[in-house]
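Here's a quick briefing on how the pieces of this protein pack together. Have the structure open as you read.

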Amino acid sequence: MELTIYDHSQGMLTEHQTALAEELLAQAAAKLSLPASAELSLTLVRNPEMKELNAKYRGVDRATDVISFAINDEEDLTLPAELQAELPLDLGDLFISLDKVKEQALFLGHSADREFGFLLVHGFLHLNGYDHETPADEAAMFSLQEAILTAYGLTR
C-alpha cells in the first residue's frame, strides 16, 4: 500500500510515529486484503487546523481527534475492467490531531502509541466502509479494530 504522510504538526510528529503509521496501516491493509495498489494520505495536524476542518466539513466548531475523507463515498464510475485494473485504489485522506493523541492518551491512561494506533486504524476502517452507526456495525468495526491493534502489539 502506498502511504503519503503530510506533516502539519509544527514539529510534533516523530520518526517513531511515522514508522508506526507506515507499519500499522500496512498491516491493516493486509488484514483487509487490499491490493498493493491501494493508496491513501495521512495528514498530521494540531488542534487549530483540526478545528477548522471539523467546522468546514462536519459543521462542528471544535477540534476532533480523527477525520476520514473516503474517496469511494461517491458514486462509482463505470470504467472498463482493463482500465480499472491499471488504476490504484485511492482510499482517501485521513487527518489526525497529534494534540488530541496526547490529550486522550493521558485522559485514558494508556500510551500515546496506543492512542495514535487506535486513531490510525479507526480512521482507516472508516475509509474502507466500516462505521459504528448501529450496534451490529459498531461490534464488527471495533472487533476488527482491536484485532489489528492487538496483532501489532498495541494492547490496552
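What follows covers one helix pair and then the nonpolar cores. Keep in mind that this is a predicted model. Helix 5 turns up in both topics: it packs on helix 6, and it gives the most residues to the largest nonpolar core.

**Helix 5 against helix 6**
- Helix 5 spans residues 112-127 and helix 6 spans residues 135-152; their axes sit 10 Å apart at an angle of about 130°.
- That angle is why helix 5 counts as oblique to helix 6.
- As for handedness, helix 5 and helix 6 make a right-handed crossing.
- On the helix 5 side, the contact residues are Arg114, Gly117, Phe118, Val121, His122, Leu125 and His126. They meet Met141, Phe142, Leu144, Gln145, Glu146, Ile148 and Leu149 of helix 6.
- Sorted by class, this contact comes to 8 nonpolar, 4 polar and 2 charged residues.

**The largest nonpolar core**
- This core holds 33 residues, and the ones touching the most other members are Ile96, Phe116, Leu120 and Phe124.
- Two or more residues come from each of helix 1 (15-31), strand 2 (39-45), strand 3 (66-70), strand 4 (90-97), helix 4 (98-108), helix 5 and helix 6.
- Helix 5 tops that list with 7 residues.
- Setting aside neighbours within four places in sequence, Leu120 is in contact with Leu20, Ala21, Leu24, Leu25, Leu42, Leu94 and Ile96.

**A second core**
- There's also a separate core of 6 residues, with Val45, Met50, Ile67 and Phe95 among them.

Conventions. Residues numbered from 1 in each chain as written. Predicted model: local features only at pLDDT ≥ 70, side-chain atom pairs only at ≥ 80, totals over all residues. Heavy atoms only, no water. Axes fitted to C-alpha atoms, helices over the stretch in contact; angles between N-to-C directions. Helix = DSSP H or I, 4+ residues; strand = E, 2+ residues; numbered from the N terminus. Parallel < 35°, antiparallel > 145°, perpendicular 65-115°, else oblique. Left-handed = near helix turned anticlockwise from the far one by under 90°. Contact = heavy atoms within 4.5 Å. Nonpolar A, V, L, I, M, F, W, Y, C, P; charged D, E, K, R; others polar. Core = buried A, V, L, I, M, F, W, Y, C linked by side-chain atoms within 4.5 Å. Buried < 20%, exposed > 50% of the residue type's maximum accessible area, 1.4 Å probe, protein only.
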